[in-house]
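Student: Could we go through this model together, beginning with its inner spaces? I would like the cut-offs spelled out as we go.

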Amino acid sequence: MFLELFIGFLTFLVVWDYFNRRRRERIFKNAGIKGPKPLPLIGNILVAWNNDTSQVFGLLQRLSHEYGNVFRLWVFNQSVLMVQDAKFFESIFSSQQVIKKNRLYTFLAGWLGDGLLLSTGSKWHSRRKIITPTFHFKILEQFVEVFDQQSSVLVERLRKKSDGKTVVNMFPVICLTALDIIAETAMGVKVHAQENPDFPYVKALTNVADIIATRFVKPMQTFDFLFKLLAYKSYRKLSEDIRLMQAFTEKVIIERRRALEASIQNGSYEPMSNAANDLGIKQRMAFLDVLLQSTVGGKPLTNEDIREEVDTFMFEGHDTTTSGISHTLYLLARHPEVQQKVFEEILQVIGSDKDKPVAMRELQDLKYLEAVIKEGLRLYSPVPMIGRVTEQDVEIDKKIIPANVQINLLIFAACRNPEYFPNPDAFQPDRFMAENTSKVNPFAYVPFSAGPRNCIGQKFAVLEMKSTISKMIRHYELLPLGEDVVPISNLILRSATGINVGLKPRQY
């Protein structure tokens, strides 16, 4: 009796699965979108059964070679489009209908809540409007001071490894620098991550990123109940570390709010002010301060509202710049002729004083370094993939795409597509010099996304990268030591072998 019931239930599931997919499969076929044949109920999960973060790029490359620049996969009953076509990118980024992030981003919801990265509709619009002034020229100018000070700590801490022989994995080193920068600019606090890499917040942030990245590429962990069942230790560690980070952020918010309220009571409060204190020292305005002084519909943001945005800023603002800076340093180490041109430009713009604080204007004048950074972001896009979901049938690149389709835009692959970038694997910064930029398809090169949901912190990130890389080049000659990078997708782009260089004090 039990066997008969089981067979009947299984038959029902198979029939339901067939009819659930049938309409979407028919629309995909009409649009000329192909993919591997799905199995009943489980779809194509066997294709990625043993997949991990180090294999995902190879897997996607093989599938695109077989099925084209836009191909379809099934993960159980969910249809997924994998896209590396710039024309498709343009349609997505220009669309007002396909702006919701896909379900993979829900893995971040327990940590980031409903902040700018994950929110939609009126909430997203109001938060975007509030946060945009944070990246005003005058506030960014203050942030440059933080970039310079923390990169000075970086070069000093590397001094003992600058013997020209020691292999230095730059990723964890730069990560601590980026954490110091983002904590001070986002929250207005110094966490001294470079001096204290075992600081609980720093360790928790690294653990959470690793666990969530693994879920991204493990089909059996994409559902919460299976994640808890199959990887309970990771689930428990994830929960503990998120609680720790949120408690830290909450504590900072409460302290800053109290200070704000006290300044209002004693009459020293000036809205959005960057006035000097009693000693004549200019007080920098952190991202948190803007949120504390902002209102929506005449009401101030709650501590939870603010924590969502600060946590989002901390997440988006440290790993991405770490990846961009580290990979660019790696490329400079392996291309000494490019490194020399960067050094000569730095001498011309900043001068020969290694310890001179860099100013905003000087960073803006480093045009060749900016081209180097852009080419580094093309070859090693810190965010290798962006996700969207269709909420209704929509036309994208003259193709009808059905509702409830998860879309993954493969930025890493598009940036290395020979159709858009001749000799795509070569490091050629001249592609992004002013005289050549018209040749670059703006939707094939989207390291900061594009359209209404583009990266709000793009200027911040580029200035931070310029400041940190120029400081490194002023103090050290970068040498091609250690293993070559092996790209892995770990929320952001990392390397399975480290991002390795050697260092030698620069004499001039």
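Student: Which residues lie nearest the centre of the second largest cavity?
Tutor: The second largest cavity has 27 lining residues, and those nearest its centre are Val75, Met82, Leu104, Phe216 and Asn408. A cavity here is a set of points, on a 1 Å grid over the protein atoms alone, where a 1.4 Å probe fits but cannot get out, and lining residues have an atom within 4 Å of a point. Please keep in mind that this is a predicted model, in which local features need pLDDT of at least 70 and side-chain atom pairs count only at pLDDT 80 or more, while totals for chains, interfaces and linings use all residues. Residues are numbered from 1 along each chain as its sequence is written, and side-chain values use heavy atoms, with hydrogens and water left out.

Student: How much space lies in that second largest cavity, and which elements supply its lining?
Tutor: Its volume, taken as the space filled by probe spheres set on grid points that are joined across faces, edges and corners, is about 440 Å³. At least two lining residues come from each of α2 (56-67), β1 (70-75), β2 (78-83), α8 (200-217) and β9 (405-410), where helices (H or I, at least four residues) and strands (E, at least two) are DSSP runs numbered from the N terminus.

Student: What is the mix of classes in that lining?
Tutor: The lining of the second largest cavity has 17 nonpolar residues, eight polar and two charged. In this scheme Ala, Val, Leu, Ile, Met, Phe, Trp, Tyr, Cys and Pro are nonpolar, Asp, Glu, Lys and Arg are charged, and the others, including Gly, are polar.

Student: How many cavities does the search find overall, and what is the volume of the largest?
Tutor: Searching the whole structure gives three cavities of 30 Å³ or more, and the largest has a volume of about 910 Å³. It is lined by 47 residues, with Leu117, Glu316, Thr320, Val383 and Cys455 the closest to its centre. The elements giving two or more residues to this lining are α5 (121-131), α12 (303-333), β6 (385-389) and α17 (458-475).

Student: Which of those elements gives the most, and what classes make up the lining?
Tutor: Helix α12 gives the most, with nine residues. By class, the lining of the largest cavity comprises 29 nonpolar, eleven polar and seven charged residues.

Student: Where does Cys455 sit, and what does UniProt place there?
Tutor: Cys455 is in the loop between α16 (411-414) and α17. An unreviewed UniProt entry puts the feature "binding site" at Cys455; positions from that record are in the numbering used here, feature names are shortened, and annotations may be inferred rather than shown by experiment. Setting aside residues up to four places away in sequence, Cys455 touches Phe448 and Ser449, contact meaning heavy atoms within 4.5 Å.

Student: Why does Cys455 count as partly exposed?
Tutor: Its relative accessibility is 30%, so Cys455 falls in the partly exposed class, which lies between buried (under 20% relative accessible area) and exposed (over 50%), computed with a 1.4 Å probe on protein chains only.

Student: Back to β1 then: is Arg72 buried or exposed?
Tutor: Arg72, which lies in strand β1, is buried, because its relative accessible area is 5%. Its side chain reaches the backbone oxygen of Pro36 at 2.8 Å, and, beyond its neighbours within four places in sequence, its contacts include Glu25, Phe28, Val80 and Leu81.

Student: Changing topic, what is odd about the phi of His192?
Tutor: His192 has a positive phi of about 50° although it is not a glycine. Most residues other than glycine have a negative phi. His192 is in the loop between α7 (170-186) and α8, and it is partly exposed at 42% relative accessible area. Lys398, also not a glycine, has a positive phi of about 65°; Lys398 is in the loop between β7 (394-396) and β8 (399-401), and it is exposed at 78%.

Student: And Gln246, what is it in contact with?
Tutor: Gln246 lies in helix α10 (residues 232-265) and is buried, with a relative accessible area of 17%. Apart from neighbours within four places in sequence, it is in contact with Gly110, Trp111, Arg307 and Asp311.

Note on methods
On a 1 Å grid over the protein atoms alone, a cavity is a set of points where a 1.4 Å probe fits but cannot get out, and a pocket is an open set with protein on both sides within 12 Å along at least five of seven lines; lining residues have an atom within 4 Å of a point. A polar contact is a pair of N or O atoms within 3.5 Å; within protein, one must be able to donate a hydrogen and the other to accept it, and residues adjacent in sequence count only if both atoms are side-chain atoms.
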